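User: Please take a close look at a single part of this model, and explain in connected sentences what surrounds it.

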Amino acid sequence: MRVVLLGPPGVGKGTQGRRVAAEKGWALISTGEILRDAVARGTPLGREAQRRMDHGLLVADDVMIGLVRERTAEPDAAHGFVLDGFPRTVPQADALEHELTGRGQSLNAVISLTVSEAGLVRRLTARRECPVCQRAYNLESAPPRDGRHCDDHPGVELVQRADDTEETVRRRLEVYREQTAPLVEYYRSRGQLNEVSGEGTMDAVHRRLLQALGCRTASE
Ligand code: AP5
Ligand code: MG
């Protein structure tokens, strides 16, 4: 299955995408994580992306389109993939459709996750992650067992993303409203959009997501 997870910063795309992809054996393609990895390795892409990301701005469409074109063609994506954070602009959505059509494929689902704006800011400023496995934690809703270190990597201290300061979070939300929110209408008008509430516990959101994808829940 080929799935797009659409939604504002902090709505739970990474949390839900990672879980559903692991359960179903689909590739998780998170453009934010690919860029952060490039930043950490100091590649030319990373150096270019860092300036934009640190200011809460989007990286250029042609760079992102090329990156996703290559990543979705890798063998682990053949059985399905979850796109977390792509497309983010209309040109990216057009390019994705064009690329998949050229391969005789199409998207099976576009899930738009929603959470109130106050909830997004609260979630993002309390977010922490493991620098080794990128497991997401939240000091309020999903703290690690000892309050500081990754549950799966004892001794590894959790870190805060550079763009999770309140000022940059607000900028990212503005950028979302201006450049990404139009994709909700884009996919709705094509009859591909499925809105799923991202409110409530992570388990509750996961169950709603599986239902929207037409998958059975683990307890069934
Ligand atoms: P990206 O990494 O994609 O950031 P984002 O879209 O701003 O989204 P986030 O990762 O902040 O939030 P999320 O929805 O994944 O939420 P999460 O699951 O972590 O992109 C970063 C940057 O890269 C962009 O700003 C841009 O510069 C660049 N970029 C990336 N893709 C691009 C593209 N296609 N084009 C151009 N530029 C691009 O959850 C958030 C927190 O809430 C966590 O702490 C989590 O534990 C907690 N949480 C999750 N679910 C719940 C719940 N149900 N209840 C309570 N807490 C919860
Ligand atoms: Mg994310």
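Analyst: Setting aside neighbours within four places in sequence, Lys 13 is in contact (heavy atoms within 4.5 Å) with Leu 5, Leu 6, Gly 7, Pro 8, Arg 18, Asp 84, Gly 85 and Leu 113. The model is predicted, so local features need pLDDT of at least 70 and side-chain atom pairs pLDDT 80 or more, whereas totals for chains, interfaces and linings use all residues. Residues are numbered from 1 along each chain as written, chains are lettered from A and ligands numbered from 1 in the order written, and side-chain values use heavy atoms, without hydrogens and water.

Lys 13 belongs to helix H1, residues 13–24 (a DSSP run of H or I, at least four residues). Lys 13 is buried (under 20% relative accessible area, 1.4 Å probe, protein chains only), yet it has no salt bridge (a Lys or Arg side-chain nitrogen within 4 Å of an Asp or Glu carboxyl oxygen), and the nearest side chain of opposite charge, that of Asp 84, is 4.9 Å away. A polar atom of the Lys 13 side chain does, however, lie 3.2 Å from the backbone oxygen of Gly 7.

The helix that holds Lys 13 also leads to ligand 1, since H1 is among the elements that each supply at least two residues of its shell (heavy atoms within 4 Å). That shell has 34 residues, with Thr 15 and Leu 57 among the closest, and its largest share, 4 residues, comes from H2. A backbone N or O atom of Leu 57 lies 2.6 Å from an oxygen atom of ligand 1.

Technical notes
Buried means under 20% relative accessible area, exposed over 50%, partly exposed in between (1.4 Å probe, protein chains only). Lys and Arg count as positive and Asp and Glu as negative; His and the chain ends are not counted. A polar contact is a pair of N or O atoms within 3.5 Å; within protein, one must be able to donate a hydrogen and the other to accept it, and residues adjacent in sequence count only if both atoms are side-chain atoms.
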